[in-house]
Amino acid sequence: MVKLTVVMPCYNEGTRIYRNIIETVTQVEKFCDSFRLIVVNDGSSDDTESEIIRAAGQDNRVGYISYPDNKGKGYAVRRGMLAAKSEYVAFLDADLELPPYLLESFLKAAEGKLSDKGAETTGSEAESEGAGYDIIIGSKMHPDSQVEYPFFRKIMSHGYYIFMKLLFGLGLKDTQTGIKLYRTEKIKPVMRLVRTSRFSFDIEILAIANKMGLTIKEMPVVVNFSRNKGDRSKIRFSSIYEMVRDSFRVKMYVSKLKV
């Protein structure tokens, strides 16, 4: 069995997706000799698909899923993760603001090969030293994280953390960072229950997983804001409204789940 599948959702990333796929493969192969990269083209309107195909033609460890209509990041991640046939499955944002090499420490934590000193965890209390975790999530708010990104996004992250803590009561400081790793056999039943297709899919996955008793650990990340200073952020006020609205819907849905 393949040890690790990395799912990379993307939308209109044609100018850099080829380069970022190659870079991801180059970094992951340094710590994992049995892996697959599944790139999910979420209905891009540019040349993203052709650039993915070009990269896949150069390395047989790269596969892809593509469909014509944009359905949202949550949908793309779900499609990729349900297609994984490996011991572990991760997802990674296509812009590589979060470098792929971070998955090495995530994988060690999942396998129980990383010291738990100072770990920030939630879920069942069955963890003993060396037992590993079901879910590893990147956290920009971890004290060991190295984060460089605009002040507005920092304020937004802190505000969303407070909102999530009040709404869900999860002992997690950051649910939205775009790098996570899961034990495949544990996360697939969760993914089959997930309904959110856009921004709030992260919190829905974690809320359902927590309700099912899966163990979750936050890990530090390195974040390099890759967009030019003059670029408009992908996250706008309409997106913030959508996240808040969907979070309330997730809360109602998860509270009624029988798991």
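Here are five short exercises with worked solutions on a predicted model.

**Exercise 1. Helix α7**

Task: Work out how many of the residues of helix α7 (residues 201-211) are buried, and then look at what follows the helix.

Solution:
- Step 1. Go through the helix and pick out the residues with under 20% relative accessible area, the cut-off for buried. You should arrive at F201, D202, I203, E204, I205, L206, A207, I208 and A209.
- Step 2. Compare that list with the length of the helix. Nine of the eleven residues of α7 are buried, so the rest of the structure largely encloses this helix.
- Step 3. Move on to what comes just after α7. There you meet G213, whose phi is positive, at about 85 degrees.

**Exercise 2. Aromatic pairs**

Task: Find the aromatic pairs and classify each as stacked, edge-to-face or tilted.

Solution:
- Step 1. Search for ring centres within 6.5 Å of each other. The count comes to two aromatic pairs.
- Step 2. Start with Y67 and Y75. Their centres are 5.3 Å apart with 90 degrees between the planes, and the pair is edge-to-face. Y67 is buried at 9% relative accessibility, while Y75, at 23%, is partly exposed.
- Step 3. Now take F91 and F201. Their ring centres lie 5.8 Å apart and the planes stand at 50 degrees, so this pair is tilted.
- Step 4. Ask where these two rings come from. F91 belongs to strand β4 (residues 86-92) and F201 to helix α7, so the pair ties together parts 110 residues apart in sequence.
- Step 5. Check the burial of the second pair. F91 has 0% relative accessibility and counts as buried; F201 is buried too, with a relative accessible area of 1%.

**Exercise 3. Arginines over rings**

Task: Which rings have R54 and R195 over them?

Solution:
- Step 1. Begin at R54. This arginine lies over the face of Y18, 3.6 Å from the ring centre.
- Step 2. Go on to R195. Its charged end sits over the ring of Y253, at 3.8 Å from the centre.

**Exercise 4. Strand β6 and its partners**

Task: Describe the surroundings of strand β6 (residues 135-139), and give the sense of its pairing with β8 and with β9.

Solution:
- Step 1. Test burial. Five of the five residues of β6 are buried.
- Step 2. Sort the side chains by direction. I135, I137 and S139 point one way, whereas I136 and G138 point the other way.
- Step 3. Look at strand β8 (residues 179-183). β6 pairs with β8 in the antiparallel sense, over three bridges. Within β8, L181 is the bridge partner of I136.
- Step 4. Turn to strand β9 (residues 216-220). β6 and β9 pair in the parallel sense over five bridges, and I135 stands opposite I216.

**Exercise 5. Helices α1 and α2**

Task: Describe how helix α1 (residues 17-28) crosses α2, and then place S50.

Solution:
- Step 1. Consider the axes. Those of α1 and α2 come within 8 Å and cross at roughly 35 degrees. The crossing is right-handed.
- Step 2. List the residues in contact. α1 supplies I17, Y18, I21 and I22, and α2 supplies T48, E51, I52, R54 and A55. You have already met two of these residues, since R54 lies over the face of Y18.
- Step 3. Locate S50, which lies in helix α2 (residues 48-56). S50 is partly exposed, at 41% relative accessible area.
- Step 4. Relate S50 to α1. The C-alpha atoms of S50 and I17 are separated by 10.0 Å, and the two residues are 33 residues apart along the chain.

How values were computed: Residues numbered from 1 in each chain as written. Predicted model: local features only at pLDDT ≥ 70, side-chain atom pairs only at ≥ 80, totals over all residues. Heavy atoms only, no water. Buried < 20%, exposed > 50% of the residue type's maximum accessible area, 1.4 Å probe, protein only. Helix = DSSP H or I, 4+ residues; strand = E, 2+ residues; numbered from the N terminus. Phe/Tyr/Trp six-rings, centres within 6.5 Å; stacked < 30°, edge-to-face > 60°. Lys NZ or Arg CZ within 6 Å of the ring centre and 35° of its normal. Pairing = 2+ DSSP bridges. Axes fitted to C-alpha atoms, helices over the stretch in contact; angles between N-to-C directions. Left-handed = near helix turned anticlockwise from the far one by under 90°. Contact = heavy atoms within 4.5 Å.
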